[in-house]
Amino acid sequence: MLTKDEIQSLLHSTEAYRVERTVSTGNMDKFCEAICAFANDLPDSRKKGYLLIGAHDDGSLSGLKVDDALLKKITAIRSDGNILPLPVMNVERVEFPEGDLLVAEVSPSLLPPVRYRGRVFVRIGPRRDIASEAEERILTERRTAYMATFDATPCLGASLEDLELDYIKTAYLPAVVDAEILGQDKRDIKEQLASVRLYDRTHDCPTYGAIVLFGKNPRYYMPGDYVQYVRFAGKEKGGEVLNEKRFQGPLYNMLPALESFVRDAIVTQRPVAASLFREKTVINYPNNALRELMMNACMHRDYQSNMPIRLYQFDDHIEIMNAGGLYGEARPENFPMVNDYRNPIVAEAMKEMKYVNMFNQGVKRVQDMLRENGNKEAAFDVSKLTVFCVEVYSNEEDVSQGVNDETTQKTTQKTTQKTTQKILELIRENPVISTEELAEKCALTRDGVNYQIRKLKKEGYLVRIGPDKGGHWEIV
């Protein structure tokens with residue numbers, strides 16, 4: 001709120017478009033229309049507007065005594081539901097020797113047009129009036145321009161002290177900005193962060209994306225920003241809780257902790273008898289499939305929700321649920337072929353930190369890895385509007401009961417056969433194709449491609465001619 005000196009200056013201000021003076025104390029329609037017009041800020045001045053109750057048009061005071069009843073009545077305008085979206089405003093009583101002044105300070109809305117009882121009011125110089133069709137269109141277009149994803153909006157109240165600046169300076173910025181350019185960049189850290197959309201210069205604070213990625217305590221601003229792991233006994237949520245763990249903090253710290261936990265605490269492997277003289281290793285879940293699902297949950301979740309990401313483990317399956325259904329262009333009828341990003345800044349940062357690739361191949365990779373490991377395909381529930389859920393079933397249950405699952409073995413063999421055929425087709429089309437290209441086209445990891453190639457060479461289907469660099473493949 002303004003100081004007394006600033007208010008006295010405002011009483012005689014010539015900036016009529018942002019000041020309205022009145023001696024009336026009972027004309028609520030007039031007050032609401034003025035507040036609505038200031039919130040719309042048709043001139044796009046980005047300056048706050050002021051309703052001064054208790055002042056004549058010439059700036060002199062009327063001698064008004066502002067009591068608590070009048071103060072409460074004007075304050076109630078903000079939330080009585082007649083002005084939508086709700087305006088951002090402060091109300092204060094200021095005392096002068098000549099009388100009191102009630103000052104309502106109104107901030108320009110980021111979501112115009114603002115309406116009072118369905119009508120849009122604007123200020124044109126000293127006048128307040130109903131907006132024309134053209135003026136309302138201008139405000140609507142401005143709303144579209146202001147609309148930003150949540151991770152790009154300013155985290156009001158936060159500052160640089162809320163960020164892990166050492167990590168940003170020493171690890172993140174060098175990863176996303178060319179070393180030579182970064183070395184020549186003499187701007188302060190705020191400008192550098194703003195260039196990668198982690199700082200809002202207008203409001204002088206970090207964006208929510210910066211808090212999610214590098215904040216010292218993200219849950220202070222987003223209470224639901226954590227991962228809740230629960231291990232239930234049995235196959236339903238009603239079972240006894242055997243273990244519980246919470247992962248929280250900035251993503252640059254939380255993601256590696258999640259990776260380690262999934263690999264060491266959830267994924268298990270053990271030898272089982274395949275025949276009288278042979279054993280095979282059975283893995284309950286492919287590690288990379290669970291990792292991919294958890295990374296996607298952290299990338300696509302709705303960070304405005306108070307619901308955490310839920311990682312629930314049962315005897316026979318795992319359930320991963322995160323706030324926020326399909327977003328943007330992604331819909332139930334085109335999932336998973338079409339993808340969109342609810343948090344593009346978070347997604348881009350996770351890509352730079354090598355946690356995701358943003359190739360829209362995640363679901364396909366997960367299903368391929370599950371089939372190759374002998375699991376059923378993951379079940380994605382995209383019918384809910386506010387949550388996204390996926391269930392992954394273990395391949396351990398039948399093994400633990402001593403059942404010889406010939407169907408699973410046949411499925412795995414069939415999937416492996418299709419993969420080797422795909423590799424041979426790609427090599428036939430391009431004998432100098434690289435391992436990285438094969439991995440990308442087959443939706444496998446590089447290690448997975450190397451394993452398949454070693455097998456093809458051992459079985460006599462494939463020969464390498466020349467060195468690794470400069471050589472080529474020949475199909476026998």
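Here is a short walk through this predicted model, from one loop residue to the cores and then to a sheet.

Let's start at T207, which sits in the loop linking β10 (205-206) to α8 (208-214). Being in a loop doesn't put T207 on the surface here: its relative accessible area is 2%, and since the cut-off for buried is under 20%, T207 counts as buried. What packs around it? Leaving out residues up to four places away in sequence, T207 touches the run D151, A152, T153, P154 and C155, plus R197, L198, Y199 and D200.

Pick L198 from that list and follow it onward. With the same sequence neighbours left out, L198 touches T207 as well as P206, G209, A210, L213 and F214, and its other contacts are Y172, L193 and I345. L198 also belongs to the largest nonpolar core, a set of 64 residues, where it is among those with the most contacts inside the core, along with L193, L251, I266 and M350. There is a second, separate core too, with 23 residues, including A37, I83, L102 and F121. In soluble globular proteins, nonpolar side chains tend to be buried together.

Now for the sheet. Four strands make up an open, antiparallel sheet, ordered β3-β6-β7-β8. At the edges are β3 (83-84) and β8 (127-130), each pairing on one side only. On the β3 side, two bridges tie that strand to β6 (residues 115-116), and L84 stands opposite R115. Helix α2 (residues 28-40) packs on this sheet and touches β3, β6, β7 (119-124) and β8. The direction of α2 makes about 75 degrees with that of β7.

Methods. Residues are numbered from 1 along each chain as its sequence is written. This is a predicted model: local features need pLDDT of at least 70, side-chain atom pairs count only at pLDDT 80 or more; totals for chains, interfaces and linings use all residues. Side-chain values use heavy atoms; hydrogens and water are left out. Buried means under 20% relative accessible area, exposed over 50%, partly exposed in between (1.4 Å probe, protein chains only). Contact means heavy atoms within 4.5 Å. A nonpolar core is a set of buried Ala, Val, Leu, Ile, Met, Phe, Trp, Tyr and Cys residues joined through side-chain atoms within 4.5 Å. Two strands pair if DSSP finds at least two bridges between them. Axes are lines fitted to C-alpha atoms, for helices over the stretch in contact, and angles run from 0 to 180 degrees between N-to-C directions.
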